[in-house]
Amino acid sequence: MSNLYPSLEDFNVDKLQKAQLNAMAQAQSASAGASAIGASRDISPSLYPSLTDFMGLDMTETHTALVQSHGNDLIPAVGSGWQTSSNVVAPVTGSDLGIVRAEIKQGIQPLMLCKDAKGHIGLCVQSVDKGIFVSFVSRDSPAAMGGLRFGDQILGINNESVAGWSTEKTMKFLSNADGSKITLMKRDRPFERTITMNKDSTGYAGFEFRNGKVLNIAKDSSAARNGMLIEHNIVEINGQNVVGLKDKEIIEVIDKLPRTVTVTVLPSVIYEQIKKKLGSSLLKLMDHSAPPIA
C-alpha cells in the first residue's frame with residue numbers, strides 16, 4: 001500500500017528527507033577512499049535544497065521548536081519522518097488535531113437522539129437532488145450533542161427511508177416523532193471535501209474569500225498546491241463549523257491556528273441549495289463549536 005500525505009508539502013519534505021538520507025548512506029558506504037567520500041559529502045548539499053527554507057515555510061530548528069512548544073508536540077522535528085499506522089506520513093503537519101476533527105468518514109452511521117424539554121431536536125434539513133441534508137444544527141441541542149454537522153446526509157429516520165422526501169415532509173415527520181427515541185441513519189457530508197495546507201512564514205495559506213466563498217487563490221501557494229478551488233464555500237476550519245460567521249470571524253479562526261490549516265469546502269451551487277431557507281437570525285444560533293475527538 002502506498003503512503004498517504006495530508007498535504008503536498010508533507011509529500012515533498014518526506015521525499016527530500018529520503019533523498020538526503022540515501023545520499024548520506026551512499027557517501028558513508030562508498031569504498032573508494034577518503035577523497036571520494038569527502039567529495040560525496042561536498043556534493044550532497046548542492047544536490048538537494050535545504051529544509052530550512054522549503055516552499056515558503058520556515059523549517060528552521062528554532063521555529064520548529066517554537067511550534068512544538070506551543071502545539072503540544074503536533075509538529076515533529078524536521079527529519080523525524082512521522083508516520084501513523086494507517087500509512088499517513090506527515091513530517092510537516094504532524095499529528096494535527098484539525099485533520100482528525102475535519103475527517104469525512106466513509107460508510108453509514110446510526111445516531112440515537114432525544115428531544116429536549118421543549119420538544120426540539122435543534123435540527124433543520126433541506127432537500128437536494130432527492131436527498132435530505134442537514135442545513136442547520138443549533139448549539140447545545142440534541143442534534144449538536146449527537147454529532148450532526150452541516151452537510152450530513154440523512155438516509156433514514158426511525159426505519160423509514162427518506163429518499164425522495166421533501167423538506168416539509170421530513171421536518172413534519174421529525175416533529176411528530178416520539179421524543180424519547182429518534183433513530184437516524186446518516187452519511188458524513190458527501191458533497192464536501194477537506195484540504196490541508198500550511199501557512200508560509202508570513203502566516204498566509206494562499207486563498208481569499210468573501211462571504212465565505214473562495215474567490216482567489218495565490219499562485220504557488222500552499223492552497224494552490226493542495227487543490228483549493230474557487231466557486232467553493234468554506235464550511236469548516238479544522239473541523240469547526242463556520243457557516244453563518246462573518247468573514248472577519250473566519251479569518252480570526254484561521255489566524256489563531258498554528259502552521260497547519262484544514263479547510264472543508266463545498267461547491268457553492270450545492271452550498272446555496274442547502275442553506276437557501278436559513279435566515280440570518282437562525283444562522284446566529286448555529287453550532288460553531290469544534291467537534292470532540294472520537
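## A buried pair and its salt bridges

Asp152 and Lys186 are both buried, and in this predicted model the two residues form a salt bridge in which the closest N and O atoms lie 3.5 Å apart. The pair links distant parts of the chain, since Asp152 sits in the loop between helix 5 and strand 6 (153-157) whereas Lys186 belongs to strand 8 (residues 182-187), with their positions 34 residues apart in the numbering.

Asp152 also meets the side chain of Arg189 in a salt bridge, with an N to O distance of 3.9 Å. Here too distant parts of the chain are linked, because Arg189 lies in the loop between strand 8 and strand 9 (193-198) and Asp152 in the loop between helix 5 and strand 6, 37 residues apart. Arg189 counts as buried because its relative accessibility is 0%, and Asp152 is likewise buried, with a relative accessible area of 0%. Through salt bridges that share partners, Arg149, Asp152, Lys186, Asp188, Arg189 and Glu236 are joined into one network.## A link between helix 1 and helix 7

The structure holds 10 salt bridges, and one of them is formed by the side chains of Arg225 and Glu9, which meet at 2.8 Å, N to O. Arg225 lies in helix 7 (residues 222-225) and Glu9 in helix 1 (residues 8-29), so the pair ties together parts that are 216 residues apart in sequence. The partners differ in their exposure: Arg225 has a relative accessible area of 22% and is therefore partly exposed, while Glu9, at 0%, is buried.

## The largest pocket

The largest pocket has a volume of about 690 Å³. Its lining consists of 28 residues, and those that lie nearest the centre are Arg101, Gly147, Arg149, Pro291 and Pro292. Arg149 thus appears in this lining as well as in the salt-bridge network described above.

Helix 4 (97-102), strand 3 (108-113) and helix 5 (142-145) each supply at least two residues of the lining of the largest pocket. Sorted by class, this lining contains 12 nonpolar, 6 polar and 10 charged residues.

## A nonpolar surface patch

Leu97, Val100 and Ile293 form a nonpolar patch on the surface, and together the three residues have about 230 Å² of accessible area. Ile293 is placed in the segment after helix 10 (280-283), and this residue counts as partly exposed because its relative accessibility is 39%.

## A buried strand residue

Thr264 is located in strand 14 (residues 260-267) and is buried, with a relative accessible area of 0%. The C-alpha atom of Thr264 is separated by 6.3 Å from that of Ile237, although the two residues are 27 apart along the chain.

## Positive phi values in exposed loops

Two loop residues other than glycine have a positive phi, and each flanks strand 5 in a loop. Lys130, with phi near 70 degrees, is found in the loop between strand 4 (123-128) and strand 5 (131-137), and it counts as exposed because its relative accessibility is 64%.

Asp140, for which phi is near 65 degrees, is found in the loop between strand 5 and helix 5. With a relative accessible area of 69%, Asp140 is exposed.

Technical notes. Residues numbered from 1 in each chain as written. Predicted model: local features only at pLDDT ≥ 70, side-chain atom pairs only at ≥ 80, totals over all residues. Heavy atoms only, no water. Patch = residues over 30% accessible without salt bridge, like charges linked within 9 Å, V, L, I, M, F, W, Y side chains within 5 Å. Areas by Shrake-Rupley, 256 points an atom, 1.4 Å probe, with all protein chains shown as cover. Salt bridge = Lys/Arg side-chain N within 4 Å of Asp/Glu carboxyl O. Helix = DSSP H or I, 4+ residues; strand = E, 2+ residues; numbered from the N terminus. Buried < 20%, exposed > 50% of the residue type's maximum accessible area, 1.4 Å probe, protein only. 1 Å grid on protein atoms, 1.4 Å probe; cavity = no way out; pocket = protein on both sides within 12 Å on 5 of 7 lines; lining within 4 Å. Points joined across faces, edges and corners; volume = space filled by probe spheres on them. Nonpolar A, V, L, I, M, F, W, Y, C, P; charged D, E, K, R; others polar.
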